[in-house]
Structure formats: structure tokens, C-alpha cells
Amino acid sequence: MARRKKGDRVDGWLVVDKPSGITSSAMVNKVKWAMNAQKAGHAGTLDPDATGVLAIALGEATKTVPYITDATKAYTFIVRLGQATNTDDEEGEVIAQSNLRPSDDDIRAALAQFTGDIMQIPPKFSAVKIDGQRAYKLARDGDDFEIQPRPLFVEELRIVSRDDADHVTLEMVCGKGGYVRSIARDLGAALGCYGHVKSLRRIWSGPFELSDCITLETIENLAKDPALRDHLLPMETGLHDLEQLSCTPEAAAKLRNGNPALVIASNLDYGDEAWVACNGEPIAVGVYKAGELHPNRVFVPA
């Protein structure tokens, strides 16, 4: 006999305005507990001290997480000029200082080299794996190691405000895998004055915005209350970048069994990825080929 899963079936997205001082994983566990959900996961880690949009998938929505992880995201962050830290943020030890303070024009000119397709070295205090171990663990142990540069697409990086000589607030729109701490560190190096992140806030992630968020306080106040589910967004919200198709009930039955089936499509090319619904209910995600969708992710009906 199959073991019965603990908790209730809950499908959808809960978008949280993550507060500072809690990890993304701990936030997921808090939501899973509050909703008594069987399954949950997040779509893109925020550092413990970072705040803002953390999209948490529940139930069948976890199958759409890769499409949010790969989506464009936006951040606002304050760079502390004149100091470098070993963690590239405010929590670390100051390891270098400078009395040089660049002008706003100097900063704008330097930002250009951090836009478009760039190569970025993640912070040593990060979750990047080095020979099977997390970089932050090696860094805490005092090990000497190198992290290889990784590609990143930065769509936009601009000055929001210059609060004083020591601080500048920036906004960045970037693709998957961006480390804001690395941007601050490398910008400081380019300016010759050092720099690190003083504070960081994610303002949107794919289709999810701050206006979609609820607070940790609301989650705790509504814990175990069915009213918390009123804040859920549909699981197909995570598929916003894919074309939506439709199909007949007969085709839906084939797709749910993992088999290709005819779908109604208009602007798709052979090999395009899309998702299909039947009577408004998500059925599957797959690849469109000659009038059929070949499923690679199938949603279990409620």
C-alpha cells in the first residue's frame, strides 16, 4: 500500500515579501506549514538579509518552477562605496578601504561594462558548488579556492539615487543566476574605490511583483486558516512566458498519460515549447510538433 502524503493538496503560487533575517528555504517551510501543504518550493533564492519578491510554488505549481527560475528579475540595491568585505555585503569583515569617492558621472560610465552579456564571478560566500562542496562552507573554513566566471545577461543597470558620497542606489534587471553582491564588488573595483552591498530588495521576478506579495506577518496570522488560500495565484502563472494552447477532452486524456495529442495552435513553430489547457484547466507542458503537443510535464488533476 502506498504511503499517504502528509498535509493537504494545495496548488498555486504564494508570493511573499520576504523580510530580512530569514533564509528562502526557511520561508518555504513556513508557508508549507501555514498552509498544511504536501509540497512546496521557491523559484529563486534570496540571500538571508535580502528582502522582496519570493515566489513560492505549492503542489502542482512546483512543476512550473523552472520557467520562473529562468525568468528575468529586477532588484534595487544600495552599494556602500569605499569598502570591500569578504562576503561582498554588509555582514562581512571589511578587508579593504579607500578614501576615493567617484562622481555620479563616473558611476554611470562604469555601469556600462556591467550591462549586456557579461561574465561574473559569484561571491565566495555563496551556494556555488566547488568539487561537491558549497563555496560558503569552504570560505568559512578558510580554504583557498577559485570560482570560475559564469555568463549573465544584464538587461539594465542604472542609478536610482545618490544618497551621499558613500552610498548609491542602483536598479538592475537581469537574467538567471545573477549575483548582485558581485556587481557591487566589481563596480567598486572598476571605480577604484571598492564596494559592497549594503541592502538588497527584489522588486519583481518574472510575472510576480511586489503588489502580489503578502507579508510574513499575514502568513503567521492566517496559519492553518483556509483564508490564506485566497492569496494564492493560479499555478499557470508560472507559465507566463509560454504560449497557451487548448485541446479537446479526448486529447487531454492522452496528454495526461504522457502521450502526444492534437492541440489547437496558431503562431507556433515546430519545436516551440508551450502549455495546453482544456476547459480552463492546465493539462501539460511540452513541445509542439506538427499539430501535436509532446508532453514533458503533466499536471495531475485535482
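The following questions and answers concern a predicted model.

Visitor: At which residue does UniProt place the feature "active site", and in which loop is that residue found?
Guide: The annotation comes from the UniProt record, an unreviewed entry, which places the feature "active site" at D47. In the predicted model, D47 is found in the loop between β2 (40-42) and β3 (51-58).

Visitor: Is D47 buried, partly exposed or exposed?
Guide: The relative accessible area of D47 is 26%. Buried would require a value under 20%, and exposed a value over 50%. Because 26% falls in between, D47 counts as partly exposed.

Visitor: Which residues does D47 touch, not counting residues up to four places away in sequence?
Guide: Residues up to four places away in sequence are set aside here, which leaves contacts of D47 with two named side partners in the chain, K18 and R181.
The strand β1 (residues 12-18) also includes one of these partners, namely K18.

Visitor: How is the aromatic pair of W13 and F208 classed by the angle between the planes?
Guide: A search of the whole structure finds 1 aromatic pair, and W13 and F208 form it with 5.0 Å centre to centre and 45 degrees between the planes. Planes under 30 degrees apart would count as stacked and those over 60 as edge-to-face, so the angle of 45 degrees makes this pair tilted.

Visitor: How many residues apart in sequence are the parts that this pair ties together?
Guide: W13 is buried at a relative accessible area of 0%, and F208 is likewise buried at 0%. W13 lies in strand β1 and F208 in strand β13 (residues 208-209), so the pair ties together parts whose separation in sequence is 195 residues.

Definitions and conventions
Residues are numbered from 1 along each chain as its sequence is written. This is a predicted model: local features need pLDDT of at least 70, side-chain atom pairs count only at pLDDT 80 or more; totals for chains, interfaces and linings use all residues. Side-chain values use heavy atoms; hydrogens and water are left out. UniProt positions are given in the numbering used here, feature names are shortened, and annotations may be inferred rather than shown by experiment. Helices (H or I, at least four residues) and strands (E, at least two) are DSSP runs, numbered from the N terminus. Buried means under 20% relative accessible area, exposed over 50%, partly exposed in between (1.4 Å probe, protein chains only). Contact means heavy atoms within 4.5 Å. Rings of Phe, Tyr and Trp (its six-membered ring) pair if their centres lie within 6.5 Å; planes under 30 degrees apart count as stacked, over 60 as edge-to-face and the rest as tilted.
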